[in-house]
Amino acid sequence: MGAPVGLFLLTLLNIFTSLTSGVLVTSCVQCHAEAECSRSKERGDSFLAETLSCVCNDGFVGDGLTCYNAKLCSDSSCCKQGYHWSKEEGCVDIDECSQPDLPCTPPQICSNIPGSFECLQPSFNIRSRSVHPYCPSGMDFVHLNGTNQCVDPCVHYTELNEDWRSTNVSMGPIHCDQNRNWQGWYRFFLHNVSARIPEYCVKSHSCGTHAPLWIQEPHPTQTGIIVTRTVCNTWSNSCCFFNTHNIQVKRCPSNYFVYKLAPPTACSLAYCAEVNGTNEGDSGINSTVPPPFETTQPIYINATTPSANTSITEGEVRLVNGGNSSCSGRVEIFHNGQWGTVCDDLWDLNDAQVVCRQLGCGRVLSAPMHAHFGQGRGPIWLDNVMCTGSESKLSECRHQGVGSHNCGHNEDAGVVCEAAAPVRLVSSDGRCSGRVEILHNGQWGTVCDDFWGLNDAEVVCRQLDCGRALSAPTNAAFGQGSGPIWLDDVHCSGNESSITECSHLGFGIHNCNHHEDSSAVCEASTSTVPPPFETTQPTHPPYNATTPSANTSITEGEVRLVNGGNSSCSGRVEIFHNGQWGTVCDDLWDLNDAQVVCRQLGCGRVLSAPMHAHFGQGRGPIWLDNVMCTGSESKLSECRHQGVGSHNCGHNEDAGVVCEAAAPVRLVNSDGRCSGRVEILHNGQWGTVCDDSWGLNDAEVVCRQLDCGRALSAPTNAAFGQGSGPIWLDDVHCSGNELSITECSHLGFGIHNCNHHEDASVVCEVIHPQPDAFHLTCDSHRLQIGLQRNIMAQHGLNALTAHLADRNCTAVRFSGRYVWYEAQTQAESCGNMMRSNQTHVTYTNNIFIYPMMNTSLRTPMRLPFSCIYPLNGESSLDVAIRPVLIEEEAMSGWGGQAEAHMSLFRNSEFTDRYPPGLVTLPVGSMLYVGVTVDRDPGFAVVLEDCYASHDQYPNSYQQYPLIRNRCPVDNSQVSVIENGRSTQARFSALIFLLDGKNRNVFLHCSFSLCNRNQGPCVSPCRGRKRRSVSSSTILDSITIGPIKWAN
């Protein structure tokens, strides 16, 4: 008797799906080197869309993204702590919360996390008088099968298969979602095909309703997290006519979305759905709210810096939102201390090839456009990029000018490279030879030299586009690396596109030490290596106008003036790029361009801009042509130009500059360029000035030379720290009218009777921008404040890197000379504070503006602003209030357990402690935090991890890290002042609104005690990859707070 046909089909379907099981991915490059990429169909899209999955090869087990050698790993040696070995799945997380003996003490709730568990404190819901736990990341607390439990919304959802929700439906019955009983999570379908809510302003009378609902922000690009999105409605020529509301969204592994929906604020409003999410809705309405989006945490890739994973250099690129591959994603380039995107106008394979080469990611496969990898945020640095394909870095290609564009983030360019992971060669004089390092899990590591040979080196050389391999040195020929050893027993055929595709034991599995690090020497391809040239020997050696002490270090974009005789403030203009000095062509060269050079060098005002190689012809590359500065830029590299290396000139057209001062001067060791220790350049070397007879007249000359306003004081006795190197001047006597400090009377260069504890200093008046530098607009939907870029730059401030009280609210658009920032007219939008009376409502916010060179912890300039709106139709008051800085309010904090005390201080000397109580202070205030331990002074307290949260309990779910692994998470926001040296630890931090809402904030820190007699307790943070081993005892976490923000 034959089996029923239905059973046969079901059996066949099971066989089909089992053969293609594995982790679903968006690209085959996400699969492990020991995994196959298989193609299949997926339910939910009615078998219409092809899906990709990763399946481990025979002899290997895992989820396809990670594959383990079944033989080598069967003894659990491959599994980290908190994981156990499974024959079918490899290393599997141990669920501690399912053990008979729960590790948490009631009423705490056990939450399993990868490799460990958390004990979460319940939160009490006053309205329902019930206890709701915090769920692990990506899960939600819902009512299911008669009980309340944490579930994965991607698994437990309700299907909404209602075709009238389509954006294409404009006729038929009118539907309303207000009275619907929304419970749990939902997934949209249209004609049985997976759909999603549109991200654009849908025209009214669509989606089977009067006012269709759409989300303002793009969908999340990461799987596994739940985000909040604002829902708008279209009616009466407005994209947000009725009140908005929020919903929650999650992206699922199969690239569909689920939603936790809420009823709209009025009837005849209904959620829209579309299949492809093209974001091309034509409503005929200009939406007034540019869509903010959720920021991902990309992997920082530096293909040229050998060891410092935390350092980011000018012109560095990275690929964002490419899944598990670091060699595909949205292109972002680093400029002026900030990451920004690249517009896809003229974007093609030649441009993408340069990005792949710069990252060491092999050949280019495609150059996606139209924000294929999601829309970026912040500045758009480049537009109309035109690479030949042979450049070594994207910054060398021709483009429209840094920051000059006519694009939106929906035009962000992308790249897909051939390799799955970046590779680099370090610790040599060039990029095509050195120690082999690969990037894995966001960290650079080395390759062991067991079985290392020419075939292996051949793959590395091809991946770097460096020609054929000449040799494959072993035994750490280019020095020993640090950090992890990622690969061992590498066997390449020589034809692989990436070194990680070769056979190896598995990532991190090895029996080596760093004295066995492998290397490669390639035959540097002439198509990618600029031709060498003989460097000129200028009258004055190169110098660094911004680095305080390192006379030998030269930074990208630094300038110098050559062949100017005895003056270092006149000569032929040369700029440093890609490790080489080059000249500037005089096409379009004028006084505005020359003024920027004088300002960058600290040489006062410009006198002339000579052309036609007035100071002699240079040699080597001509880096810039058709330079067009406004005159307000702080560096020549910020000006518009034709593209680095692109020109139609000869050295008979080299540009020159003559500045007012005879020698450059700078002020160092302070938070700004207008105060600090005085240093002058003489004979190619920076040196200090002795404070004998030093006074305000002398300081006045320095301030004028630096274009910094009048002198406020002339500190002595090394007030800004002792310098090093020569002391160039002593017994300086200025009348106050000199153009340069070297023109004042003095004993002679290098003649003095001083030491560096007598170094002179200057504090100049920092001229704050005038009111016309700001433009405030209060319309019906938005508070908008514009910063005029050139005026900000004149005062050393960067208009591009500012933000509102919520640090995620950054620049939204550029218009003429202004950079615009905005918040909606809603309480808590971008940190708004709302006050109202019977006639008017006031929205107040702050904008924080940072210095141009914001590489260390500095307090930004804070500018409060307000908009007032009438609450009745008869009032005529609808104006912007001129910002006025408010007075600082008191702040205080209270400590924790008896063993350790954590306190807030009023000052940076940590001498004035606040008493216990509520902390109230303006957003963006500097916090000074100190920790003391009542213990034997032979022990030291060590800050392990510190974070901020809205919860007074230390183990809260939402954490905003400040210090991790004993080091600042962001050096521009946190500074660890003392740690592991005594019974006290100290740090300072800038903290803004954590999630855009003005809620109380608590600071939590975990500490350990370390025996100082057994050696150093804390190693330097720079270049350190993992926690240093020390003899320490972990203490319980300590908390201070609450902190309340006030605008």
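This is a short walk through the salt bridges, the largest cavity, one covered helix and a few odd residues in a predicted model.

OK, let's start with charges. Side chains of opposite charge can pair when their charged atoms come close. In this model the count of salt bridges comes to 20, and I'll pick out a few.

The one I'd pull up on screen is D970 with R807, which form a salt bridge at 3.5 Å, N to O. Where do D970 and R807 lie? D970 sits in the loop between β60 (967–968) and β61 (974–978), while R807 is in the loop between β48 (797–804) and β49 (813–815), so this pair ties together parts that are 163 residues apart in sequence. And are they buried or exposed? Neither, quite: D970 is partly exposed, because its relative accessibility is 28%, and R807 also counts as partly exposed, at 35%.

Now go to E978 and R986, another salt bridge, with the closest N and O atoms 3.2 Å apart. Here E978 is buried, at a relative accessible area of 6%. R986 has 19%, and the cut-off for buried is under 20%, so R986 counts as buried too. There's also a network: salt bridges with shared partners join E162, R165, D177 and R180.

One more pair, R572 and E574. Their salt bridge has its closest N and O atoms 3.1 Å apart, and both R572 and E574 are buried.

So what about a charge that has no such partner? Look at D806, which is in the loop between β48 and β49. D806 is buried but makes no salt bridge, and R377, the nearest side chain of opposite charge, is 6.7 Å away. What does D806 touch, then, leaving out residues up to four places away in sequence? Its contacts are C830, G831, L993, D995 and G996.

On to empty space. Rolling a probe the size of a water molecule over the atoms shows where empty space is left. The structure has 2 cavities of 30 Å³ or more, and the largest has a volume of about 330 Å³. Its lining is made up of 20 residues, and those closest to the centre are E314, S395, H577, S637 and V644. Which strands feed into that lining? β23 (328–335), β26 (380–382), β35 (570–577) and β38 (622–624) supply at least two residues each. As for chemistry, the lining of the largest cavity breaks down into 10 nonpolar, 8 polar and 2 charged residues.

Next, helix α2, residues 349–359. It is mostly covered, with 9 of its 11 residues buried. The buried set runs D351, A352, Q353, V354, V355, C356, R357, Q358 and L359. What covers them? The cover includes β22 (317–320), β23, β25 (364–366), β27 (414–417) and β28 (423–426). You'll recognise β23 there, since that strand also supplies residues to the lining of the largest cavity.

Last stop, backbone angles. Most residues other than glycine have a negative phi, and most peptide bonds are trans. Two residues to look at here are D489 and N717. D489 is not a glycine, yet its phi is positive, near 50°, and D489 sits in the loop between β32 (485–487) and β33 (519–522). N717 isn't a glycine either, and its phi is positive at about 55°. Its place is the loop between β43 (711–713) and β44 (727–729). Is N717 buried or exposed? Exposed, because its relative accessible area is 55%.

That's my tour, thanks.

Key. Residues numbered from 1 in each chain as written. Predicted model: local features only at pLDDT ≥ 70, side-chain atom pairs only at ≥ 80, totals over all residues. Heavy atoms only, no water. Salt bridge = Lys/Arg side-chain N within 4 Å of Asp/Glu carboxyl O. Buried < 20%, exposed > 50% of the residue type's maximum accessible area, 1.4 Å probe, protein only. Helix = DSSP H or I, 4+ residues; strand = E, 2+ residues; numbered from the N terminus. 1 Å grid on protein atoms, 1.4 Å probe; cavity = no way out; pocket = protein on both sides within 12 Å on 5 of 7 lines; lining within 4 Å. Points joined across faces, edges and corners; volume = space filled by probe spheres on them. Nonpolar A, V, L, I, M, F, W, Y, C, P; charged D, E, K, R; others polar. Lys, Arg positive; Asp, Glu negative; His and termini not counted. Contact = heavy atoms within 4.5 Å.
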